[in-house]
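Here's a walk through one model, helix by helix and contact by contact. Have the coordinates open while you read.

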Amino acid sequence: MTSSALKKPQMRGLLAKHLQFHIIGAFAVSLGVASFYKFAVAEPRKKAYADFYRNYDSMKNFEEMKKAGIFQSAK
């Protein structure tokens, strides 16, 4: 039977090696999540607000609410 020596464990620089790998991974994941949020949430929300206010008439809306009796001070 041959005695094969086990490989010695890395002691120096082990934390730095693992941190480098995890920092790069965390940066890539955070960049992906940020771009997903921008294109899946923020841009459609901005577009919805722009579409709403493109044809919004505040005086018409005020008159409708006044007719409905929402405002007590406006007659």
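What follows covers the main helix, its salt bridges, and a few surface residues.

This is a predicted model, so keep in mind that local features are taken up at pLDDT of at least 70.

**The main helix**

Start with helix α1, which runs over residues 14–54 and has 41 residues. From its first C-alpha to its last, α1 reaches 58 Å, close to the 60 Å expected at 1.5 Å a residue. There's a bend to look for, though: α1 has a kink of about 35°, centred on Lys 38.

Part of this stretch carries an annotation. The UniProt record, an unreviewed entry, lists residues 20–40 under "transmembrane region". In the model, those residues are 100% helix and 0% strand, and the C-alpha atoms at the two ends of the stretch sit 30 Å apart. The kink centre at Lys 38 falls inside the listed residues 20–40.

Ile 24 is another α1 residue, and with 54% relative accessibility it counts as exposed. If you want a feel for the spread of the chain, take Ile 24 and Met 59: they're 35 residues apart in sequence, and their C-alpha atoms are 54 Å apart in space.

**Salt bridges**

How many salt bridges does a search of the whole structure find? The count is five. As background, side chains of opposite charge can pair when their charged atoms come close. Three of the pairs are set out here.

| Pair | N to O distance |
|---|---|
| Lys 38 and Glu 43 | 2.8 Å |
| Asp 51 and Lys 47 | 3.0 Å |
| Lys 66 and Glu 63 | 3.9 Å |

Lys 38 turns up again here: besides marking the centre of the kink, it forms a salt bridge with Glu 43. Both ends of that pair are partly exposed, Lys 38 with a relative accessible area of 37% and Glu 43 with 30%.

Further along α1, why do Asp 51 and Lys 47 sit about one helical turn apart? They're four residues apart in that helix, so about one turn separates them. Their exposure is worth a look too: Lys 47 is exposed at 53% relative accessible area, while Asp 51 counts as partly exposed at 33%.

The Lys 66 and Glu 63 pair belongs to helix α2, residues 58–68. These two are three residues apart, so they're also separated by about one helical turn. Lys 66 is partly exposed at 25% relative accessibility, and Glu 63 is partly exposed as well, with a relative accessible area of 35%. Elsewhere, salt bridges that share partners join Lys 38, Glu 43 and Lys 46 into one network.

**A nonpolar patch**

Last stop is the surface. Which residues make the nonpolar surface patch? Tyr 49, Phe 52, Tyr 53 and Tyr 56 do, and the patch covers about 480 Å². Of these, Tyr 49 is found in helix α1. Tyr 49 counts as exposed because its relative accessibility is 53%, and the cut-off for exposed is over 50%.

Terms used: Residues are numbered from 1 along each chain as its sequence is written. This is a predicted model: local features need pLDDT of at least 70, side-chain atom pairs count only at pLDDT 80 or more; totals for chains, interfaces and linings use all residues. Side-chain values use heavy atoms; hydrogens and water are left out. UniProt positions are given in the numbering used here, feature names are shortened, and annotations may be inferred rather than shown by experiment. The expected span of a helix is 1.5 Å times one less than its number of residues. The bend at a residue is the angle between axes fitted to the seven residues ending there and the seven starting there. Patches are made of residues with over 30% relative accessible area and no salt bridge: like charges are joined within 9 Å, nonpolar side chains (Val, Leu, Ile, Met, Phe, Trp, Tyr) within 5 Å. Accessible areas come from the Shrake-Rupley method with a 1.4 Å probe; for residues, only the protein chains shown count as cover. A salt bridge is a side-chain nitrogen of Lys or Arg within 4 Å of a carboxyl oxygen of Asp or Glu. Buried means under 20% relative accessible area, exposed over 50%, partly exposed in between (1.4 Å probe, protein chains only).
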